[in-house]
Amino acid sequence: MKESKYNYFIRKNEGKETLWFNGYTRNFFTLDTTLTNKLRNNINILEDLSPTFHKKLLNKGFILEDEIDEIDLIRKRTTEARNSKDYFLILLPTLNCNFSCWYCVQDHEKSIMKKATIDKVKKHIEFMIKDEKITQLHIEWFGGEPFMYFDEVIKEISEFAIKQCDEAKIQFRNTATTNGYYLINDIIPKLEELRFYHFQITIDGKKQLHNKVKNMVGEDSAFDKTLGHINSILSNNKVINFTLRINYDLKNLEEEIVDDVNALIEAENRKRVKMLYRRVWQVKPSEEMNRALQNLMSRFKESGYSLNDIDINNNYMRCYSDKKYYNSISYNGKVVKCTANDDLQGNRYPGELMESGQIKWEKGFLNAFYKPRYENKICIECKHLPLCMGRCGRDYDQENDSDEQNVCPNQSSDLHFEENIFNNCV
C-alpha cells in the first residue's frame, strides 16, 4: 500500500485542521492536524489501526495498491476524455465588438456570419448528429461580441440545433462569452427558450475603472448596464448561472470593486455567480499582486459568491480544445482549435467548413495538435499534473521531448495550487 503522489495536505484554522485533497480524484475532506500526522506516519498499518478510515482513503484515491501506476491512470482518463462524443462547438457570429478593451488580442473587424456560412453550420450540426453520432451538443457563442447579432445568427442556429437534438434524443446546451451589454430585458424570455444556462462576462475592476476600459459614446456607465442585466436575468430565470471574469493588474484589485458589484447583484442571486480571476497577459505577476488578489477573493466569498480559480473538474485535459469533438467556427466558415490568441485574424486558420458540413483540416494538423503536452520528464514527475495537464496545445508545432521547451505553464501563476485548492474547497 502507498500514498498517492497527488495528495495535498493544507493547514487551516491556524494549523489546527488539515484539508486533504487528491488531485487525481478531486476528493477532499478536513481532519484534525494531529490525527492527520499520526495516520500519515502509519500508512502501512493503517488498515489495522482504522479499517473504516483505511477503506475511505482507498476508495477516494488517497492511498492505493503498490502495483498501480498513477501515470497510466491519467493517460487512460485523458484518452477517454479526448474521445468523448459530447460535442463542444464554439461559434463566432462576428469579430466585431461594441467595446475596444486595451488588452484584447483581436482586431475587431466589421463582420457578420452570412447566410451561406449559417447554412454550412447547420449542415455541420446535422453531420455531427447523424454521421458522427455525438451524444450531446454544447454550443458556446463567442466573438467579438456575439449578441450584436442575436436575432440574425444566434436565434436561427440555436432553433435549428434544438430541433435536430430533440429528434435525435440528445441533450442540447447553449452558453456564451459576452460583455453583457446586449442582454436586454426583451431577450430574457428567449434565453430560456433557446436553452441558455451559463454566461461568462468580464469586468475590469471597480465601476470607475471598468467604464474607462469599456466605454461607448452616449453610454454613461457600461458597468451599471452590464451588472444590471446580470441581476435581471438571475431574478427572472432560475436556471442560468454566471461567471464574472475579472481581468486584473495591480491597479484594479481594489476592494471597492466588491462594493460596486454588490450594489447591483442582489444577495439572493449571488450564489449563482462565480468569480474568476485572470491576470492580463501583458502584466507580470508579483507578490504584491498575489496578496491583493487573495484579499479580494476573500471579500467576494464573504459576500456570497463562489470562486472558480482553478478547474478541479478539467477532465484530465489542459483545455477543452484538446477534445477530438471540439471545434471553433468563425463568422467566415474558417475553423480553429483555439480562440485565445490571434489565430482568428489573417490567414492562420488550420481548418475550413465545407458545403457538406465536414471540416477540411491542414494535412497533419490534428495529429500534431492532439499529441499530449505532458509526455515529458518535467510534467510526468510533477505532483500538480492532474490539475494542470501540461503545456498549452497551441504549442503543437514544437517538439515535445525537449525538457528545455517544456517550461512549466504555471510557474508564473499568481496563486499557488495549494491556495487555489483551499479557495475552492473551503
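This tour visits one pocket and several aromatic contacts of a predicted model.

Begin with the second largest pocket, whose volume is about 240 Å³. Select Met128, Glu132, Lys324, Asn327 and Trp361, which are the closest to the pocket centre among the 13 residues that line it. Next, colour helix 5 (115-130) and strand 16 (359-361), the elements that each give two or more residues to this lining. Helix 5 gives the most, with three residues. Colouring the lining by residue class will show seven nonpolar, three polar and three charged residues.

Keep tryptophan 361 selected and turn to the aromatic pairs, of which the structure holds 21. An edge-to-face example is formed by phenylalanine 300 and tyrosine 305, with 5.5 Å centre to centre and 80° between the planes. Phenylalanine 300 is buried, at 0% relative accessibility, and tyrosine 305 is buried as well, at 3%. Now add phenylalanine 365 to tryptophan 361: the ring centres are 5.3 Å apart and the planes lie at 15°, so this pair is stacked. Tryptophan 361 has a relative accessible area of 18% and counts as buried because the cut-off is under 20%. Phenylalanine 365 is also buried, with 5%.

Move next to Phe9, Trp20, Phe29, Phe53 and Phe62, which together form one aromatic cluster. Display arginine 40 alongside: this residue lies over the face of phenylalanine 9, 3.7 Å from the ring centre.

For the last stop, select tyrosine 8 and lysine 383. The charged end of lysine 383 is placed over the ring of tyrosine 8, at 4.1 Å from its centre.

Definitions and conventions: Residues are numbered from 1 along each chain as its sequence is written. This is a predicted model: local features need pLDDT of at least 70, side-chain atom pairs count only at pLDDT 80 or more; totals for chains, interfaces and linings use all residues. Side-chain values use heavy atoms; hydrogens and water are left out. On a 1 Å grid over the protein atoms alone, a cavity is a set of points where a 1.4 Å probe fits but cannot get out, and a pocket is an open set with protein on both sides within 12 Å along at least five of seven lines; lining residues have an atom within 4 Å of a point. Grid points are joined across faces, edges and corners, and a volume is the space filled by probe spheres set on the points. Helices (H or I, at least four residues) and strands (E, at least two) are DSSP runs, numbered from the N terminus. Ala, Val, Leu, Ile, Met, Phe, Trp, Tyr, Cys and Pro count as nonpolar, Asp, Glu, Lys and Arg as charged, and the others, Gly among them, as polar. Rings of Phe, Tyr and Trp (its six-membered ring) pair if their centres lie within 6.5 Å; planes under 30 degrees apart count as stacked, over 60 as edge-to-face and the rest as tilted. Buried means under 20% relative accessible area, exposed over 50%, partly exposed in between (1.4 Å probe, protein chains only). A charge sits over a ring if NZ of Lys or CZ of Arg is within 6 Å of the ring centre and within 35 degrees of the ring normal.
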